[in-house]
Amino acid sequence: MNFTFRRKRISGILTIVPANERSFIEEMKNFNFPESRSLKLKEVMGYDKHRLVEPGVCVSDLAVFGLEHLFKNGLLHRDEIDALILVTQSPDHFMPPTSNVIQGRLGLKHDMFCMDIGQGCAGFVIGLMQAFLLLEQESIQKVVLINADVLSRKTSPKDRNSYPLVGDAASITVVERDAEDLVIHANLKMDGARNEALMIPAGGFRMPSTPATAVLEDVGDNNLRAKDHLRMDGSAVFNFVQVEVPPMIESLLAFAGVSMDAVDYFLCHQPNRFMLQKLADKMKVPYAKMPMNVVEHFGNSSGVTIPMAITFNLATRLKNGHLQVCLSGFGVGLAWSSMLMRLGKLSFCEMIDYP
Amino acid sequence: MNEFLTKIANILEENAVKETDELKAFAQWDSLAVLSVIAMLDANCGVNLRAADFEQVTTVGDLWNLVQSRKCS
């Protein structure tokens, strides 16, 4: 389905990455797999370094750290936040909402709309849509969108399908009204019939965690994983992206009446370099217009990867000028979504380490 | 067919492969090779296979036949 939004803009983006950096070369000793094949995997998929939280670090820790940084540097004021949206698949607790936990830890005002959204890889675009909708209300002047996940804590170190690419991170995006009347176009599709392609089977109410769900099982190809761990059907996800994403973006551009050449950057979710290269090939987009270097430096941090692609690659350009960008998120749900907008003149666009 | 055989050989890091060769017999045949083959077939033949499709495939020739049948349907 298609959406349009008017007079809305992103005014700043901050990403927060754990200082703890791990390398694929160190970790491949955990895999029950010949070293030459692991090196091949590294080369093809673009695995190298990734950032993982230390044991016990939660989503609210990364978010509070980032917001305190913005307050301290005068980039955002504590009392001007009217809504706080948190998009995560790894909340601190089942209840209460982690957005309320963040509000409470920071001592923010009570006149505030706090909301958790349980989305992942498509969660940056979905979170922006929700932020734009809230800004239709006069009482809401400024929305803080937080994307954050610490999924390494739910990933088996002996599963080379997932562990080498997982990364933990958070991003804080400030969204507000724009004085200029520009149109933002977006579209979104979901297919819950394929919900098992990316899932953590145990730990919820359907299959509570027990000693049995913590037992590592050989799931083929010498990968070991428990039911408490994240499970990704890599080839099904690859297939999904190749089949669904190019037509979605084509349809968005047609809806907006904008040609492919008029887009400065295609800022996609970052599953791995291989998948993004194949996506760019299929869409006939030059690699220079589609950043694909997030996984090799930081890992795939679910809904945080698009803000990370922005702060890592385009910070200077977006602080000084404007770019026409096409955002696109796809994954868990399954959900896939894209958005065409002018991005720029950001009051901040940076990346910091936690702690 | 020749181009197909060359592309499969490249993925498997072999000088050449024959129709009668069994995929599982190659040292390089693993989940990464499967993904590379899926990507190659998507780009070159417009055919989207899933990993599960490979369960019905034993030889290089079987894979060729599967791709041809998907092209027609």
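Colleague: How many residues of strand β2 (residues 8-18) of chain A are buried?
Modeller: In this predicted model, local features need pLDDT of at least 70 and side-chain atom pairs count only at pLDDT 80 or more, while totals for chains, interfaces and linings use all residues. Residues are numbered from 1 along each chain as its sequence is written, with chains lettered from A and ligands numbered from 1 in the order in which they are written. A residue is buried if 20 or more other C-beta atoms, placed from the backbone, lie within 10 Å of its own, exposed if 12 or fewer, and partly exposed in between. Strand β2 of chain A, a DSSP run (E, at least two residues for strands; H or I, at least four for helices; numbered from the N terminus), is mostly covered, and its buried residues number 10 of 11.

Colleague: Which residue of β17(A) is the bridge partner of Ile13(A)?
Modeller: Two strands pair if DSSP finds at least two bridges between them, and β2(A) pairs in the antiparallel sense with strand β8 (residues 169-177) of chain A over eight bridges, where the partner of Arg9(A) is Glu176(A). With strand β17 (residues 348-354) of chain A, β2(A) runs parallel and is joined by seven bridges. There, the partner of Ile13(A) is Cys349(A).

Colleague: With which residues is Val143(A) in contact, leaving aside its neighbours within four places in sequence?
Modeller: The largest nonpolar core, a set of buried Ala, Val, Leu, Ile, Met, Phe, Trp, Tyr and Cys residues joined through C-beta atoms within 7 Å, has 123 residues, and Val143(A) is listed with Ala63(A), Ile85(A), Ile146(A), Ala170(A) and Leu267(A) as those with the most contacts inside it. Contact here requires C-beta atoms, placed from the backbone, within 7 Å. On that basis, the residues in contact with Val143(A) are Asp82(A), Ala83(A), Ile85(A), Ala131(A), Leu134(A), Leu135(A) and Val175(A).

Colleague: Is Arg7(A), which has a positive phi, exposed, partly exposed or buried?
Modeller: Most residues other than glycine have a negative phi, and most peptide bonds are trans. Arg7(A), in the loop between β1 (2-6) and β2 of chain A, nevertheless has a positive phi of about 55 degrees. Because 16 other C-beta atoms lie within 10 Å, Arg7(A) is partly exposed.

Colleague: What is the omega of the peptide bond from Gly333(A) to Leu334(A)?
Modeller: Leu334(A) lies in the loop between β15 (322-331) and β16 (335-344) of chain A. The peptide bond that leads to Leu334(A) from Gly333(A) is cis, with omega near -10 degrees.

Colleague: What radius of gyration does chain B have?
Modeller: Chain B holds three helices and zero strands, and its C-alpha atoms fill a box of roughly 30 × 25 × 20 Å along the principal axes. The radius of gyration is taken over C-alpha atoms, and the globule rule is 2.2 Å times the number of residues to the power 0.38. For 73 residues a compact globule would therefore be near 11 Å, and chain B agrees, with 11 Å.

Colleague: Which helix supplies the largest share of the side of chain A that touches chain B?
Modeller: Between the chains, 14 residues of chain A are in contact with 12 residues of chain B. On the chain A side, α2 (35-45), α6 (234-256) and α7 (273-283) each supply at least two residues. The largest share, seven residues, comes from α6(A).

Notes. Two residues are in contact if their C-beta atoms, placed from the backbone, lie within 7 Å.
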